[in-house]
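User: I've got a model open with a ligand in it and I'd like to go through it bit by bit. Can you take my questions one at a time?

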Amino acid sequence: MGDTTPHLADPAAAALQEGSIEAILKVLRQGERFLVCSHSRPDGDAVGSTLAMGMLLEQMGKRADLVAADRIPAVYRGLPQADSIRTALRVHGPYDAAILLECDSLDRTRLRGLEPFFVINIDHHATGQPWGNLNWIDREAASAGEMVYRLALAAGATITPEMATCLYTTVLTDTGGFCYGSTRASTFALARDLVEAGADPLRIAQEVYFSTATSKLLLLGAALSNLTREGRLAWLWVTHQDMMRTCAAEEDCEGIVNYAVSIAGVEAAAFLRELPESRIRLSLRSKGRVNVAAIAERLGGGGHENAAGCTLDGPLPRAMEEILAHLRPSVSGPG
Ligand code: 5GP
Ligand code: MN
């Protein structure tokens, strides 16, 4: 097998990873028909890794159904074969296995009907747990897409330009443009491999970062007008009314929290969005040592050390106090 764990110096950890890859490939080789899905409100990694997984299965001569509970955000709709992801709230088999990409439970897909299937759980979140029938968790991977890439290499598949485009998008978006802590030397090696395989970094960056909907900037304006700073913390929010007034879609919320964490001296930030049913969606970000995944997990969510999320009960001021009560102790003490 090729070097599929370049980021792991520890041979025992690398062997465990290789074992998971082999076990998954065995199931893929034996089966005929697979379901591939990721989490609801898909981001670049969810979409890109789902598409690349579908392409890998197709190359292996398998049938793959790609399903998402929510529609694909406009910036990712130009990805190769993006149309092959069907939007549905229920799935129907039979499937030899359901491949769940970066989901911490069946619920995280928001898809119904998954219960009967053999689940292959592939996750790179810090909060990832072996809850599936077959589990491959690599908390060091920059994206779920990186794991699909390693699976494809181990399968001896050809990384087509279409696959490389999807995979590069997962790495670019999940590392925040090579800015987050998950970015290591092997991430650049991976990006290089993908560009050599046909991903166009300029075009992908244009699609992801320079194709913003007007509604998103209007919503950002509403959020920034609520920006509040308290020492090493900053937070901002939008109400359901703000969403309506700016004609914003859910996907327009992606990245707003980054403006708050970008402030000099701020170590942790939260973005709160009021959902129509008055629950509150939270996006958390941090710089350095503050572990927002641990906070999100305590509140029923999850994610990575520097980027996590959860959903809280409303109303908005209550959710704000709740998250601040968790964030304040995390940034106190000597800096
Ligand atoms: P975002 O703030 O961009 O929605 O999410 C940041 C990170 O946290 C992503 O990796 C996302 O998958 C994860 N995340 C967000 N919300 C949840 C949640 O409710 N549960 C879990 N397990 N992870 C979440
Ligand atoms: Mn991811």
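Analyst: Sure. Before we start on the ligand, one cut-off: a residue is near a molecule if one of its heavy atoms lies within 4 Å of it. Keep in mind too that this is a predicted model.

User: With that cut-off, which residues come nearest to ligand 1?

Analyst: There are 14 residues around ligand 1. Five of these come nearest. They are Asp-104, His-125, Arg-281, Ser-283 and Arg-285.

User: How far is a polar side-chain atom of Ser-283 from an oxygen atom of ligand 1?

Analyst: Let's take the side chains in turn. His-125 has a side-chain N or O atom 2.9 Å from an oxygen atom of ligand 1, and Arg-285 also has a side-chain N or O atom 2.9 Å from a ligand oxygen. For the polar side-chain atom of Ser-283, the distance to an oxygen of ligand 1 is 2.6 Å.

User: How much of the accessible area of ligand 1 does the protein cover?

Analyst: Start from the ligand on its own, which has 500 Å² of accessible area. The share of that covered by the protein is 85%.

User: Which element gives the largest share of the shell around ligand 1?

Analyst: The elements giving two or more residues to the shell are β10 (280-286), β11 (302-304) and β12 (307-312). By type, the shell residues split into three nonpolar, seven polar and four charged. The largest share is four residues, and the strand they come from is β12.

User: Where does ligand 1 lie with respect to domain 1 and domain 2?

Analyst: Look at who contributes to the shell. Domain 1 (11-208) gives residues to it, and domain 2 (214-331) does too. Ligand 1 therefore lies between them.

User: Moving on to the helices, how many residues of α4 are buried?

Analyst: Helix α4 runs over residues 161-174 and spans 20 Å from first to last C-alpha, close to the 20 Å expected at 1.5 Å a residue. Its buried residues include Met-163, Cys-166, Tyr-168 and Asp-174. The helix is largely enclosed by the rest of the structure, because the buried count out of 14 is 12.

User: And what is phi for Gly-156, the glycine that follows α3?

Analyst: Helix α3 (residues 144-154) is mostly covered, with 10 of its 11 residues buried. Among them are Glu-146, Tyr-149 and Arg-150. Gly-156 follows α3 and has a positive phi, near 75°.

User: Which residue does the side chain of Asp-242 make a polar contact with?

Analyst: Asp-242 sits in helix α8 (residues 240-245). Asp-242 has a relative accessible area of 12%, so it falls under the 20% cut-off and is buried. At 3.2 Å, the side chain in polar contact with that of Asp-242 belongs to Arg-245.

User: Is Cys-247 buried or exposed?

Analyst: Cys-247 is in the loop between α8 and α9 (256-261). Its phi is positive, about 55°, although Cys-247 is not a glycine. The relative accessible area of Cys-247 is 63%, and since the cut-off for that class is over 50%, the residue is exposed.

User: Which other residue has a positive phi although it is not a glycine?

Analyst: Most residues other than glycine have a negative phi. One with a positive phi, about 60°, lies in the loop between α4 and α5 (185-196). That residue is Phe-178.

User: What is omega for the peptide bond that joins Gly-314 and Pro-315?

Analyst: Most peptide bonds are trans. The one from Gly-93 to Pro-94 is cis, with omega near 0°, and Pro-94 is in the loop between β3 (85-87) and β4 (97-101). Pro-315, in the loop between β12 and α11 (316-331), is joined to Gly-314 by a cis bond too, with omega about -5°.

User: How far apart are the C-alpha atoms of Leu-100 and Val-119?

Analyst: Leu-100 belongs to strand β4 and is buried, at 0% relative accessible area. Along the sequence, Leu-100 and Val-119 are 19 residues apart. In space, their C-alpha separation is 6.9 Å.

User: Last one: how far apart are the C-alpha atoms of Leu-299 and Lys-287?

Analyst: Leu-299 is in the loop between α10 (292-298) and β11, and counts as buried at 13% relative accessibility. Leu-299 and Lys-287 are 12 residues apart along the chain. Their C-alpha atoms are separated by 20 Å.

Key
Residues numbered from 1 in each chain as written. Chains lettered and ligands numbered in written order. Predicted model: local features only at pLDDT ≥ 70, side-chain atom pairs only at ≥ 80, totals over all residues. Heavy atoms only, no water. Polar contact = N/O pair within 3.5 Å; in protein donor to acceptor, adjacent residues only side chain to side chain. Areas by Shrake-Rupley, 256 points an atom, 1.4 Å probe, with all protein chains shown as cover. Nonpolar A, V, L, I, M, F, W, Y, C, P; charged D, E, K, R; others polar. Domains from an automatic or database assignment. Expected span 1.5 Å × (residues − 1). Buried < 20%, exposed > 50% of the residue type's maximum accessible area, 1.4 Å probe, protein only.
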